[in-house]
Each structure stands twice: as structure tokens, then as C-alpha cells.
Amino acid sequence: MASLQHPTASLQSKHVLIPGKSLAQKPTLTVSFSRSTFSALKLKLAAATRRSNGAAGARMSATASSSYASALADVASANSTLDVTAADIEKISELFSDPKVSDFFSDPTLAVEKKRQLVDEIAESSGFQPHTRNFLYILVDAQRIDLINEIAKEFELVYNKLTDTELAVVTSVVKLESQHLAQIAKQVQKLTGAKNVRIKTLLDASLVAGFTVRYGNSGSKLIDMSVRKQLEDIAAQLELSDITLAV
């Protein structure tokens with residue numbers, strides 16, 4: 001058994017759906033996958049690897065990550081497990097943000113079997129879908145596990161496109177209540193017309209108070225309701241104003 005202790009993923013992101021749907025988390029769907037399903041996943045990922053071999057440097061990695069993410073999304077969609085697979089990938093991204101985990105899997109001196117054993121431990125403790133576990137096996141065997149964080153980002157983009165979901169990143173000084181996040185989600189939905197809005201929360205003490213919301217393509221749009229922004233605006237106004245001191 002692999003001796004590395006891996007952390008339990010602490011997920012801050014929440015799904016906030018259109019009015020009329022419950023905000024409660026969906027129950028996990030357990031699916032039994034046949035050998036043919038696993039073979040189909042291997043074929044898709046093998047094709048993804050071949051398509052990436054002609055690229056170079058960062059472009060090659062980006063192409064490979066996108067191809068792997070699309071292949072996994074295809075399998076998840078075909079088995080009606082897209083939502084739970086997205087949750088699996090989010091947990092994986094959290095786990096691999098720990099240097100101990102990423103260093104373990106990137107260590108070329110460790111046998112593949114040891115890495116597979118740790119995949120088993122993570123999959124069991126996290127309740128991953130069978131095809132998510134198999135996906136990690138394939139990345140380990142192909143020595144492409146170093147791409148997992150990029151794959152997670154690409155999978156999120158694919159998922160959002162397939163489900164017509166707008167991602168909004170809400171940053172605040174303290175954790176916001178669920179009803180406040182729901183109100184923010186409704187506002188983002190009005191602005192974008194998206195069917196679903198998915199909220200990710202971050203904490204940033206430098207905002208002083210209030211919050212910011214980033215959404216749109218690669219977070220290109222910003223709603224800034226922070227006290228820091230108000231202070232910056234006041235400072236800018238003072239710099240631009242002609243101040244006359246009475247003598």
C-alpha cells in the first residue's frame with residue numbers, strides 16, 4: 001500500500017441552478033462499467049495522446065490536456081454521469097494542489113504499481129466513479145499524470161459548455177451565506193442568460209470588506225463591491241483633484 005497520506009479535499013465551490021431547482025447536492029450515481037466501456041476510454045485517450053504528439057512545448061501540453069478532458073467528458077456524457085464526474089475532477093484538482101501528492105506521482109523512481117495503489121486509496125476514500133479511477137490509471141500508465149491540473153481546468157470548460165453553465169468566482173473577506181451566493185448567482189444569470197450558474201468561492205482579506213464577482217470568458221468581466229475598490233476610487237479622486245489649502 002502506498003504510504004503517502006493524502007488530504008481530504010475541502011471544496012468551496014457550489015452549484016447554484018436556475019430558480020425552481022433545489023440547491024441541495026445531487027445524490028451520487030453509482031454505475032457499473034463493463035470492460036468495453038473501459039476499453040472505449042482507453043481508445044479515446046490514446047487518440048488524444050497521438051493528436052498531441054505533433055505539437056511543441058506549452059502548446060503541446062495544452063492540446064493534450066484539452067484532448068484528455070474532452071475524452072473523459074465524452075465517456076461521462078455517454079453514461080449520464082457528467083455531474084458526478086465533474087465533482088470527481090474537482091476533488092482531484094484539490095488533492096493534486098498538495099505538493100506531497102503531485103511530487104509522489106511525478107517521481108520517476110517510483111514504480112507504476114505504487115502509484116496505482118495510491119490511486120486506489122484516493123478513489124476509495126473519495127468515492128470516485130469507476131471511469132474516473134480508470135482515467136487516473138491511464139494517465140499514470142502513460143506518464144501524463146503531470147497534466148492533471150491542466151486537464152481539470154479544461155474539463156471544467158467542457159462541462160460548462162455542455163451544460164450551458166456560467167462560472168462565477170466570488171471573492172470575499174469572510175465566507176458568504178448560501179442565500180447571498182444564490183442572489184449573486186441569480187444576478188449573474190440575468191447578465192449572461194446562462195441556464196445554470198456555478199459559484200466558486202475564494203477568501204481574500206485584502207478586500208477589507210465586501211466582495212467581487214468574476215465571470216465571463218476566462219473571468220473577463222468583474223463586479224467589484226469591495227471596500228478596497230471604494231478606497232482606491234477615493235484615492236484616485238484625491239490625486240486628480242486640485243486641493244487648495246487656506247493659509
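How many residues apart are Glu150 and Lys153 in helix α7? Three, in a helix that covers residues 148-162, and that puts about one helical turn between them. Their side chains meet in a salt bridge, 3.7 Å from N to O. By salt bridge I mean a side-chain nitrogen of Lys or Arg within 4 Å of a carboxyl oxygen of Asp or Glu. The general geometry is familiar: an α-helix has 3.6 residues a turn, so residues three or four places apart point the same way. Glu150 itself is partly exposed, at 39% relative accessible area.

Okay, a bit of housekeeping. This is a predicted model, so local features need pLDDT of at least 70 and side-chain atom pairs count only at pLDDT 80 or more, while totals for chains, interfaces and linings use all residues. Residues are numbered from 1 along each chain as its sequence is written, and side-chain values use heavy atoms, with hydrogens and water left out.

Now the overview. The protein chain has nine helices and five strands; these are DSSP runs numbered from the N terminus, H or I of at least four residues for helices and E of at least two for strands. Starting at the N terminus, the order reads β-α-α-α-α-α-α-α-β-α-β-β-β-α. Of the 247 residues, 37% are buried. Buried here is under 20% relative accessible area, exposed is over 50%, and partly exposed is in between, using a 1.4 Å probe and protein chains only. Take the contacts (heavy atoms within 4.5 Å) with a separation of 6 or more: 71% of them come from residues 24 or more positions apart. The exposed area of the chain is about 14,400 Å², with 54% of it supplied by carbon and sulfur atoms. That area comes from the Shrake-Rupley method with a 1.4 Å probe, and for residues only the protein chains shown count as cover.

Back to the charges. The salt-bridge count comes to eight. One of them joins the side chains of Arg116 and Asp141, at 2.7 Å from N to O. Arg116 sits in helix α5 (residues 112-126) and Asp141 in helix α6 (residues 130-141), so this pair links distant parts of the chain, 25 residues apart. Arg116 is partly exposed at 23% relative accessibility, and Asp141 is partly exposed at 40%.

Then there's Glu156 with Arg198, whose closest N and O atoms are 2.7 Å apart. Glu156 is in helix α7 and Arg198 in strand β3 (residues 196-203), so the bridge ties together parts 42 residues apart in sequence. Are these two buried or exposed? Glu156 counts as buried at 17% relative accessibility, and Arg198 is buried at 6%. They also belong to a salt-bridge network with Glu90 and Lys200.

Next, helix α4, residues 99-106. Its buried residues are Val101, Phe104 and Phe105. Looking down the α4 axis, they fall within an arc of 90 degrees, so they line one face of the helix; the arc is taken over directions from the helix axis to the C-beta atoms. Their cover includes α3 (82-96), α5 and α6. At the N-terminal end of α4, Asp98 acts as the cap, with a side-chain oxygen 2.9 Å from the backbone nitrogen of Lys100.

On to the strands. In β2 (residues 165-172), seven of the eight residues are buried, so the strand is largely enclosed by the rest of the structure. β2 pairs with β3 in the parallel sense over eight bridges; for two strands to pair, DSSP has to find at least two bridges between them. Across that pairing, Thr171 stands opposite Leu202 in β3.

Last stop, the loops. Most residues other than glycine have a negative phi. Asp164, in the loop between α7 and β2, has a positive phi, near 50 degrees. Asp164 is partly exposed, with a relative accessible area of 40%. Val208 has a positive phi too, near 75 degrees, and lies in the loop between β3 and β4 (211-215).

Leu207 is in the loop between β3 and β4 as well, and is buried, with a relative accessible area of 1%. What does Leu207 touch, leaving out residues up to four places away in sequence? The answer is Thr171, Ser172, Val173, Thr212, Ser226, Val227 and Arg228. For Leu207 and Ser226, 19 residues apart in sequence, the C-alpha to C-alpha distance is 5.7 Å.

Terms used. A polar contact is a pair of N or O atoms within 3.5 Å; within protein, one must be able to donate a hydrogen and the other to accept it, and residues adjacent in sequence count only if both atoms are side-chain atoms.
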